[in-house]
Amino acid sequence: MIDGIDIPTASITSSLAGLAGAVIGCRHAYLSAVNDAQRRHYRRVFRVAGPLALVFIGVFVGAMTGVLPQWLVWVDLAVWTAGIVPAISWSSRRLRELAMPDPYVAIIDGPAMPMSLPVET
């Protein structure tokens, strides 16, 4: 206990709050996808990132409760940060690519016309 704060309880509570925020953010991102390709990308990313996040949260809580060595908190945060920054960059770039229309569909279907043009007779 430091200054009246129970460290194991605080670490578990903050981890659960962070996890709840991540779930809400992921759900919002998935629902705001503009097409099926982006939704597939989100499902693929969530299938990999979800279990990894749980492992990192488990190591963090284990280190803060004294089950694992305390220095693992810093290793855990460093590895998570080193991996999440390029992963977010790649995912954002991929989502932008998936939002663009497929050029082959435009060739087959013809260019999309936002509105019909008046026909002169």
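How accessible is arginine 94, and does that make it buried, partly exposed or exposed? Arginine 94 has a relative accessibility of 31%, so it counts as partly exposed. That is one small detail of a predicted model, and the rest of this report walks through the wider picture.

## The overall layout

Welcome to a protein built with four helices and zero strands. Reading along the sequence gives the pattern α-α-α-α. Of the 121 residues in the protein, 16% are buried. Among the contacts with a separation of 6 or more, 60% link residues that lie 24 or more positions apart.

## Helix α2

Helix α2 covers residues 36–65. At 1.5 Å a residue, its 30 residues should span 44 Å, and the distance of 42 Å between its end C-alpha atoms agrees with that. Along the way there is a kink of about 25 degrees, centred on phenylalanine 46.

Both ends of α2 have something to look at. At its start, a side-chain oxygen of asparagine 35 comes to within 3.3 Å of the backbone nitrogen of alanine 37. After the helix comes glycine 66, with a positive phi near 95 degrees.

Several residues of α2 are buried, including Gln38, Tyr42, Ala53, Phe56 and Val61. Another one of them is histidine 41, which counts as buried because its relative accessibility is 2%. Which residues does histidine 41 touch, leaving aside those up to four places away in sequence? They are Trp90, Ser91, Arg94, Leu95 and Leu98. Arg94 has already appeared in the opening question, as a partly exposed residue.

## Two salt bridges

The count of salt bridges comes to two. Here they are side by side.

| Pair | Closest N to O | Setting |
|---|---|---|
| Arginine 39 and aspartate 36 | 3.0 Å | three residues apart in helix α2 |
| Glutamate 97 and arginine 94 | 3.2 Å | three residues apart in helix α3 |

Why does the spacing matter for pairs like these? An α-helix has 3.6 residues a turn, so residues three or four places apart point the same way. Arginine 39 and aspartate 36 are three residues apart in α2, so about one helical turn separates them. Glutamate 97 and arginine 94 are likewise three residues apart, in α3, so they too are separated by about one helical turn.

The accessibility values add to the picture. Arginine 39 is partly exposed, with a relative accessible area of 23%. Glutamate 97 also counts as partly exposed, because its relative accessibility is 42%.

## Helix α3 and its neighbours

Helix α3 runs over residues 72–99 and contains aspartate 76. Aspartate 76 is buried, yet it has no salt bridge. How far away is the nearest side chain of opposite charge? That side chain belongs to arginine 47, and it is 22 Å away. Setting aside residues up to four places away in sequence, aspartate 76 touches Phe56, Val59 and Phe60. One of these, Phe56, is a buried residue of α2.

Isoleucine 84 is also found in α3. With a relative accessible area of 27%, isoleucine 84 is partly exposed. Its C-alpha atom is 9.3 Å from that of alanine 49, although the two residues are 35 residues apart along the chain.

Note on methods:
Residues are numbered from 1 along each chain as its sequence is written. This is a predicted model: local features need pLDDT of at least 70, side-chain atom pairs count only at pLDDT 80 or more; totals for chains, interfaces and linings use all residues. Side-chain values use heavy atoms; hydrogens and water are left out. Helices (H or I, at least four residues) and strands (E, at least two) are DSSP runs, numbered from the N terminus. The expected span of a helix is 1.5 Å times one less than its number of residues. The bend at a residue is the angle between axes fitted to the seven residues ending there and the seven starting there. Buried means under 20% relative accessible area, exposed over 50%, partly exposed in between (1.4 Å probe, protein chains only). A polar contact is a pair of N or O atoms within 3.5 Å; within protein, one must be able to donate a hydrogen and the other to accept it, and residues adjacent in sequence count only if both atoms are side-chain atoms. Lys and Arg count as positive and Asp and Glu as negative; His and the chain ends are not counted. A salt bridge is a side-chain nitrogen of Lys or Arg within 4 Å of a carboxyl oxygen of Asp or Glu. Contact means heavy atoms within 4.5 Å.
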